[in-house]
Each structure stands twice: as C-alpha cells, then as structure tokens.
Amino acid sequence: MKRFRGFVVKEFLHIFRDYRTLLILFGMPVIQLILFGFVITNEIKDARFAVLDLSKDETTRQITEKLTSSGYFRLDRNLNTYNEIEEAFREGEIQLVVVYEPDFARRLERDHVANVQLIGDASDPNTANILVNYASGILTNYLLSMNAEVIPMKIVPETRMMYNQELKGVFMFVPGLMAMLLMLISALMTSLSITREKELGTMELLLASPLRPMQIVVGKVFPYVFLAFINACIIILLGWAVFGVPVRGSVGLLLFESFLFISMALSLGILISCVTNSQQLAMMISLVALMLPTILLSGFIFPVENMPMVLQWLCHIMPPMYFITAIKSIMLKGNGLFFIWKETLILIGFTLFFILMSVKKFKIRLS
Amino acid sequence: MNQQPIIIVKDLVKKFGSFVANDHLTFKVKRGEIFGFLGANGAGKTTAIRILCGLSFPTSGELSVAGYNVYTQREKIKQNIGYMSQKFSLYDDLTIFENIRFYAAIYGLSKKEIDRRTDILMKKLGLEEAKKKLIRDIPLGWKQKLAFSVAIIHDPKIVFLDEPTGGVDPITRRQFWDMIYEAARNGITVFVTTHYMDEAEYCDRVSIMVDGRIAALDTPVALREKYHAKNMNEVFLQLARAQKTEVL
C-alpha cells in the first residue's frame with residue numbers, strides 16, 4: 001500500500017507539472033460546451049429572403065407580411081425578374097426566394113389553386129430544408145385562416161415537444177460532449193501516460209521493482225478516474241447553469257453511468273497502451289479509433305436511425321452510443337435504472353472485455 | 001562468511017521464436033563481487049540481465065538469484081535487487097528530489113527512512129542546492145550517478161547495471177566506477193554489462209559473450225594470460241574471431 005501510494009503521488013506530480021495539458025483538459029469542456037451551445041444551433045432566426053412578386057396584389061402582400069412577421073425571416077429585397085434570382089443567391093446573403101405567379105389572388109379566388117415557388121440555397125442543405133419547411137408551414141397557416149369562413153370544419157394540431165420543449169440543441173450536446181471528453185481524457189491520457197513510461201524505459205524499472213503489474217496499471221489509471229469525474233461534473237453543472245439542461249433523473253445514477261463509461265474508456269486506454277510502444281501511435285489510435293466514432297457513430301450529432309444499415313451495426317458495437325442513450329434518458333426523461341439496464345449491462349460488458357483483453361496482452365508481453 | 005553464490009545460472013536458454021538469444025549459459029556470481037558481462041551489441045547480454053531481474057521468463061534452465069527461484073519467487077527477487085537500465089531512466093518532468101523519493105517509496109521504505117536516505121544521498125552527490133531542479137535540466141553525467149544511487153537506495157543484495165556508461169565521457173565514467181567500487185565495498189554484489197572493453201579491467205571477474213554463448217569466464221588477469229593479450233580488447237577480438245571461423 002505504501003508503494004502504491006508512492007506511485008500514485010508520482011502520477012499526480014506528472015499531471016500537475018504538465019499544467020498546459022491540465023489547462024486543456026479543464027478548459028476544453030468549458031469552451032466546447034459554450035461553442036456547441038451557442039454556435040451550433042438548428043434554430044432559424046432572421047434568415048434573409050427575397051420576393052419575386054409577379055402578381056403584386058393584396059394576398060401576396062399579406063403572405064410576405066406573414067413571413068416577415070414570423071421572426072424566422074427578414075425581407076432583404078424585392079426582385080423584378082427571374083434573372084435576378086440567381087444573382088441574389090450568388091451574392092450569398094439571400095437564403096430563400098419566394099416567387100408568386102402572376103394573377104395570384106385572382107387565380108386563388110377563381111380556380112382555388114395558386115402557385116408559389118420556394119427556392120432555397122441548398123449549398124447548405126440542412127438550412128435550406130428547414131427554411132423551406134418553415135415557409136410552407138406559414139403558407140399553409142395563412143391558407144387555413146383564409147378558408148376558415150368557407151369551410152366550417154378544421155383540424156387544429158397542437159404539438160408539444162416532450163423532454164425538450166424548445167428543441168434546444170444543447171440538450172443533445174451535453175450528453176454527447178460528456179461521452180467525447182470522458183473518452184478523450186480516459187482513453188487517450190492513460191494510453192499516453194503508459195506508453196510514455198515505455199518510451200522512456202522507466203517501465204522496465206517499474207517492472208523490475210516490487211510493484212506488481214496490477215498496481216502499476218491501477219496506479220496509472222487512478223488519477224485519470226479523478227480528473228475525468230471532475231470533468232463530467234463540470235459539464236453537467238455548466239450545462240445546467242448556463243443552458244438550463246436539466247437532470248430530471250437521479251444524480252447518483254447519472255454519476256454511476258459516467259463512472260461506468262470512464263472505467264470502460266480507461267480499460268480501453270490500457271488495452272491501447274498494451275499493444276503499442278510509442279506515444280505517437282497511441283495518440284493516433286486513440287484519436288482515429290476513438291474520437292471519430294464517438295463523434296460520428298454515437299448519435300451525438302447524427303441520428304443513428306438515419307444511417308445506412310452497415311453504419312448502424314458499427315454504431316452498435318461502439319460503447320459511446322449506449323452511454324449517450326443512457327444519460328440522455330436519465331437527464332431529459334428522468335428515467336431510472338429500470339429503463340436503462342440494457343445499456344448499463346452492455347457498458348459493463350465492454351469494460352470487462354477490454355480488461356480481459358489487456359490482461360492477456362500484458363501477460364504475453366511479459367513472457 | 002556465506003560462501004553460497006548469490007547468483008546461480010545453469011543451462012539458461014532463451015529463445016525468441018527460432019532465434020536463440022541465450023544458448024545454455026552457465027555461471028555463478030559470488031557474493032560481493034563485481035561481475036562483468038561483456039559482449040558486442042546483440043550478443044544476448046540484455047536478454048540475460050532481463051531474465052535475472054524477473055522482467056522476462058527463461059525458456060529453460062535453472063536459475064537462482066539472491067537465493068530465490070526465478071520461476072516461482074520473482075516477487076522476492078525484485079525486493080532484493082536494484083536495476084539500472086541503459087537509459088538512466090529517471091522522470092524528466094520530476095525534480096531530483098521527487099525522483100529519489102519515488103524510487104524509495106516503491107521499494108517500500110518507511111517515510112522516516114526515505115527522508116534519512118534522501119538527505120544522505122543529496123549530501124553525497126553534492127546535489128543539495130539542485131534538489132529542486134528538473135531532471136531534464138541536469139547534465140547526463142549527473143543523471144547517470146543519480147540513476148545508480150537510486151537503484152541502490154533500498155540496499156539491495158545485488159544491483160544489475162545494463163550498460164550503465166553509454167554516452168558518458170571518460171572522466172565521468174571513471175567517477176562512476178568509483179561509485180560502483182563503493183557499493184561493492186558496502187557488500188552489494190554488482191552485475192554489470194558493458195561493451196567498453198577497458199571497463200572489463202575494473203571487474204573482479206568477467207564473462208565474455210559471443211552470439212548468445214559464454215566464450216570465456218575468468219578474472220581479467222587470467223584471461224589476458226590465457227589469450228596472451230595486452231588488454232581485454234585483444235582477448236575479446238580473439239574470441240569473436242574464433243567464433244566467426246567456427247561458423248564459417
């Protein structure tokens with residue numbers, strides 16, 4: 001125990017001496033959360049649009065008025081000919097063009113059909129899609145309000161978005177960011193710290209000392225459990241204080257799942273350092289093999305259900321997806337262990353698997 | 001006085017796949033002697049030293065180190081030996097003081113004992129002023145002396161030095177050997193590998209390894225006489241050449 005304590009003290013000395021890395025480790029969650037929270041947002045506000053009104057009657061004027069007053073759009077300019085559309089897009093400031101056909105109001109009156117064309121700037125497909133949908137919605141609403149007197153019946157859908165009423169993007173990012181950072185700190189930092197000893201040749205000395213291999217590994221991992229845990233708490237607190245991301249379920253369970261995920265990532269880090277001998281390689285493996293899947297194949301940014309089948313299978317063999325599902329369920333839905341026992345078991349399974357693998361590899365190396 | 005040899009090696013064989021790194025090594029090291037393990041790079045010195053330190057398992061052979069069995073009592077062995085590798089492995093980002101304390105701690109010394117020995121060591125090496133310096137800021141010669149002092153901080157029965165003088169200037173090397181003599185006088189058996197033949201003269205006995213086998217083992221004086229050589233370098237060259245012609 002005395003030996004183990006000496007070893008852990010040394011590990012902490014390494015970490016605190018390298019204050020730059022420490023700064024990055026603790027600064028990163030804060031900066032990333034703020035960036036993700038404020039910058040990446042799917043909400044549309046004041047998108048500039050142009051109108052090509054070939055009818056210029058009361059109805060088209062009212063529709064344009066509706067669009068502008070919705071808060072989503074801001075009228076940038078009026079166009080006079082079709083040729084100007086392309087030009088307007090090219091300047092890059094206009095994201096949507098609305099074209100009313102000639103005699104719009106009269107055709108609506110007479111034929112009950114009038115055409116309006118919505119042209120989006122699909123060089124940014126997501127935004128174009130959202131804008132066109134919003135505009136269609138406003139058009140439909142306008143039509144409904146006009147026909148209210150003509151047709152006495154109408155269906156009024158009342159929508160409610162459960163668990164995230166305002167559709168805040170940051171609700172998604174907090175769990176995803178936690179997965180990403182815990183993975184980074186735990187797997188990357190441990191694998192680096194172990195391979196560094198190998199590179200320096202100090203690993204030999206440690207192995208030749210009375211410290212048991214198990215003590216070395218646990219001693220290496222111990223400080224990072226600490227750091228990762230603190231980081232997880234910072235993210236949760238910051239998400240709650242700045243962005244109002246709730247923790248509706250039990251905080252204890254949330255911390256438990258985080259702890260489980262940290263252990264999983266740490267055992268993965270140990271496995272990486274067992275199969276590599278240089279810090280560079282360990283870093284490459286951690287970044288490419290861990291970070292990319294955590295960001296792309298976990299449901300963090302892109303929904304898993306929309307991916308091609310093969311990628312969905314890939315997602316299912318990566319641990320982050322389960323962690324993100326589990327903590328989202330706790331934080332947003334307030335679910336208890338009963339609803340996430342499957343994810344929990346899978347994470348435990350991954351952890352055991354990686355530990356077994358590394359023990360095996362470690363033994364091979366020694367003989 | 002205990003006449004039982006402190007290291008007994010009988011028919012040690014270590015294979016990596018089909019490559020035989022140690023081919024039936026047999027030797028004994030007496031208590032308190034400075035035993036030199038000589039050979040060219042790749043002759044199998046490091047492999048043998050790693051096995052004796054419990055860093056790697058032998059393929060076959062009977063070995064006992066400090067009275068303990070290499071196969072079954074590795075933990076006991078580790079408690080009783082010190083090891084210094086070719087890289088003078090200290091932690092660059094820790095201070096001299098922290099490095100000493102760390103190694104003392106992992107060998108299980110008590111807090112009081114750690115303080116006492118750290119003080120003695122600092123005075124002996126004249127590093128009291130520099131104890132807060134980071135290892136990366138001190139010269140190679142200091143590092144080497146420090147690495148050696150740290151390897152024997154727990155008063156081991158044997159200290160294994162794997163090419164401890166690589167890359168160090170001749171004067172520092174000489175000073176380093178003074179430290180080795182002092183350790184030997186204090187009853188620590190020194191097992192040292194080197195490929196500097198002049199250092200072989202400083203050893204009580206040397207074994208010369210060529211291609212994984214022990215080609216000769218005796219005191220430097222006896223070896224020089226036997227091969228009618230002026231110095232150890234000639235002895236070594238004769239042995240290495242003999243091996244080559246044998247292979248051809």
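Trainee: How do you know that the reach of helix H6 of chain A, residues 125-147, is close to the expected one?

Mentor: This is a predicted model, and the values discussed here are computed from it. Helix H6 of chain A has 23 residues and reaches 33 Å from its first C-alpha to its last. At 1.5 Å a residue, 33 Å is expected, so the reach agrees with the definition of the expected span.

Trainee: Which residues of H6(A) are called buried, and what does H6(A) pack against with them?

Mentor: The term requires under 20% relative accessible area. In H6(A), Thr127(A), Ala128(A), Leu131(A), Ala135(A), Ile138(A), Leu139(A) and Tyr142(A) are buried. The buried residues of this helix pack against helix H3 (58-69) and strands E1 (47-53), E2 (73-79), E3 (96-100) and E4 (116-120) of chain A.

Trainee: What makes E2 and E4 of chain A stand at the edges of their sheet?

Mentor: The sheet is open, with four strands in the order E2-E1-E3-E4 (chain A) and mixed pairing. E2 and E4 of chain A each have a single partner strand, so one side of each is left without a neighbour in the sheet. On average, neighbouring strands of this sheet are turned by 25 degrees against each other, direction ignored.

Trainee: How do you know which strand E1(A) pairs with in the parallel sense?

Mentor: Pairing requires at least two bridges between two strands. E1(A) and E3(A) have five bridges, in the parallel sense, so the definition of pairing is met. Ala50(A) stands opposite Val97(A) in E3(A). Helix H4 (residues 83-91) of chain A lies across E1, E2, E3 and E4 of chain A and runs at about 135 degrees to E2(A).

Trainee: Why is Cys203(B) not counted in a disulfide?

Mentor: A disulfide needs two cysteine sulfur atoms within 2.5 Å. The closest cysteine sulfur to that of Cys203(B) is in Cys53(B), 16 Å away, which is too far for a bond. Over all chains, a search of the whole structure finds zero disulfides.

Trainee: Why is Cys203(B) called buried, and what is Cys233(A) called?

Mentor: Cys203(B) has a relative accessibility of 5% and therefore counts as buried. Cys233(A) has a relative accessible area of 29% and is called partly exposed, because that term covers values between 20% and 50%.

Trainee: How many residues does each chain bring to the contact, and how much area do chain B and chain A bury between them?

Mentor: Chain B contributes 30 residues and chain A contributes 26 residues. The two chains bury about 2,600 Å² between them, with 58% of it on carbon and sulfur atoms. In chain B, Leu55(B), Tyr91(B) and Ile106(B) lose the most area to chain A, together 22% of what that side buries.

Methods
Residues are numbered from 1 along each chain as its sequence is written. Chains are lettered from A and ligands numbered from 1 in the order in which they are written. This is a predicted model: local features need pLDDT of at least 70, side-chain atom pairs count only at pLDDT 80 or more; totals for chains, interfaces and linings use all residues. Side-chain values use heavy atoms; hydrogens and water are left out. Buried means under 20% relative accessible area, exposed over 50%, partly exposed in between (1.4 Å probe, protein chains only). Helices (H or I, at least four residues) and strands (E, at least two) are DSSP runs, numbered from the N terminus. Contact means heavy atoms within 4.5 Å. Axes are lines fitted to C-alpha atoms, for helices over the stretch in contact, and angles run from 0 to 180 degrees between N-to-C directions. Buried area is the accessible area (1.4 Å probe) that two parts lose on being put together, summed over both.
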